[in-house]
Amino acid sequence: MFEKILIANRGEIALRILRACHEMGIQTVAVHSTADADAMHVRLADESVCIGAAPPRASYMNIPAILSAASLTNASAIHPGYGFLSENPNFAEIIEEHGFTFIGPTPEHIRTMGDKLAAKAVLSGLGIPVVPGSDEAIEDIAEDIGYPVLVKAAHGGGGRGMQIVTAPKDLGAALAMARTEAQNHFKNGAVYLEKYLMTPRHIEIQILADTHGNVVHFGERDCSIQRRHQKLLEEGPSPALNADERSEIGAMVTAAIASLGYRGVGTLEFLYADGKFYFMEMNTRLQVEHPVTEMLSNVDLVREQIRVAAGAALGYRQNDVHLQGHAIECRVTAENPMTFIPSQGRITDYHPPGGLGVRIDSALYSGYEIPPYYDSLIAKLIVYGRNRPEALMRLRRALDEYVIGGIETTIPLFQSLVANKDFVNGTYDVHWLERFVDVEEQRAKIRA
Ligand code: ADP
């Protein structure tokens, strides 16, 4: 097993990884920017190294600085977390060339799956149903699949660069715009078309594979509560799936992953509509919403990542994976709950909720000053219940308890969400929250 792991990340996910390491008796090295000198991950790590200035490019994405920090501290493996360099195949490659272990899949798998078109082709070849679409943005294909269509960036992420096109006359302009945006944001102008589904749910399957050919899945997470194609709340199991559908898609995904020879954790994202699954993309890293799965399975996914990276065998099979109860995660961000304008400043009071079935993944503390350079996610509130009504009840209670003073947060948005009938009934799709937020905004205006 590794003696020391460098964590190439910050915030709640750096703490999450650090916790798994410490439970395993592994020493931790935190890296940080000049803006994060007082951050919690720096305080809790065994050692820390400043790797550069505040902008991510100068620090958390600075490959030479991270490698130097690993050499300097004698770390043997590097965990990338999510975001930053976690899906950069060059980073994974360089790490291994320098004799460190990358805690994640092979650079080849990251590269292939990072290209959404290539990923769709590979998985479709392995029998996984994919969202109908094009290999390239060919106008005839739009006619074939039928309008509305969605123009997407092949190397896109974070919900950016998608354009809905409802009529043939708008396609040319949308393609040109999408190519420019993709080039600017993702340094690759490749775009493609997909059929735009009107009321799908986003359902993703969590998988885990070792280097000995063992693959298991941990069921699904429903991530349909989204704003601008970005997830705000995730839950599992999905209120829309039954046990047969779950084991069917799980078996299909597991077989595909096994034949790819993939290693580590991964998530296959699907759109689900009218009882059918359509593969959209694969994430080759730990995801923000992984705690939902941990609550249901009682498996520490970070620990499993580390074990697999060290060459250990899973030691259990699909039949040993038991999913129980219901879990919901809220992504609490430092933003106005109505306008989503970032809210900066100092945390004056901090009192997280606790009690049975409540988990908080956060690097906040009282007196912490939120730096303006990074993602606005400040805490993940995860609740567990024996069933969905119990989880909802607990979520309401936990949200009411949560005190984060000095800044605006999205807690009030989640409070109105858990009071909403559609949400409570589980009858929502990926476009539902946008409508809900509109309605809430109108209400606020009337109240004002
Ligand atoms: P990104 O990698 O930028 O997050 P994804 O391909 O994962 O992009 O899609 C993000 C979200 O956008 C999905 O969860 C869904 O809500 C919406 N979306 C993507 N493709 C489609 C589609 N073909 N039809 C309808 N909605 C879609």
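I began with leucine 271, which I found standing opposite tyrosine 278 in strand E13; the model I am reading is a predicted one.

From that pair I moved out to the two strands, and I noted that strand E12, residues 264–273, runs antiparallel to E13 and is joined to E13 by seven bridges.

Next I traced the sheet as a whole: it is open, its eight strands follow the order E13-E12-E9-E10-E11-E14-E19-E17, and their pairing is antiparallel. At the edges I recorded strand E13 (276–283) and strand E17 (358–362), each of which pairs on one side only. For the twist I looked up the angle between neighbouring strands, which comes to 25 degrees on average with direction ignored.

I then asked what packs on this sheet, and found helix H9, residues 243–260, touching strand E9 (201–209), strand E10 (215–227), E12 and E13. The direction of H9 makes about 115 degrees with that of E10.

Turning to the interior, I looked up the largest nonpolar core, which has 38 residues, and wrote down Ile225, Ile404, Leu417 and Phe423 as those with the most contacts inside it. Among the elements that each supply at least two residues of this core I listed strand E11 (230–236), strand E14 (326–333), helix H13 (411–417) and helix H15 (432–447), while helix H12 gives the most, with five residues.

I followed leucine 417 further: leaving aside neighbours within four places in sequence, leucine 417 is in contact with Ile225, Leu233, Phe423, Trp432, Leu433 and Phe436.

Last, I noted another core lying apart from the largest one, with 31 residues, including Ala77, Val302, Val321 and Leu377.

How values were computed:
Residues are numbered from 1 along each chain as its sequence is written. This is a predicted model: local features need pLDDT of at least 70, side-chain atom pairs count only at pLDDT 80 or more; totals for chains, interfaces and linings use all residues. Side-chain values use heavy atoms; hydrogens and water are left out. Two strands pair if DSSP finds at least two bridges between them. Helices (H or I, at least four residues) and strands (E, at least two) are DSSP runs, numbered from the N terminus. Axes are lines fitted to C-alpha atoms, for helices over the stretch in contact, and angles run from 0 to 180 degrees between N-to-C directions. Contact means heavy atoms within 4.5 Å. A nonpolar core is a set of buried Ala, Val, Leu, Ile, Met, Phe, Trp, Tyr and Cys residues joined through side-chain atoms within 4.5 Å. Buried means under 20% relative accessible area, exposed over 50%, partly exposed in between (1.4 Å probe, protein chains only).
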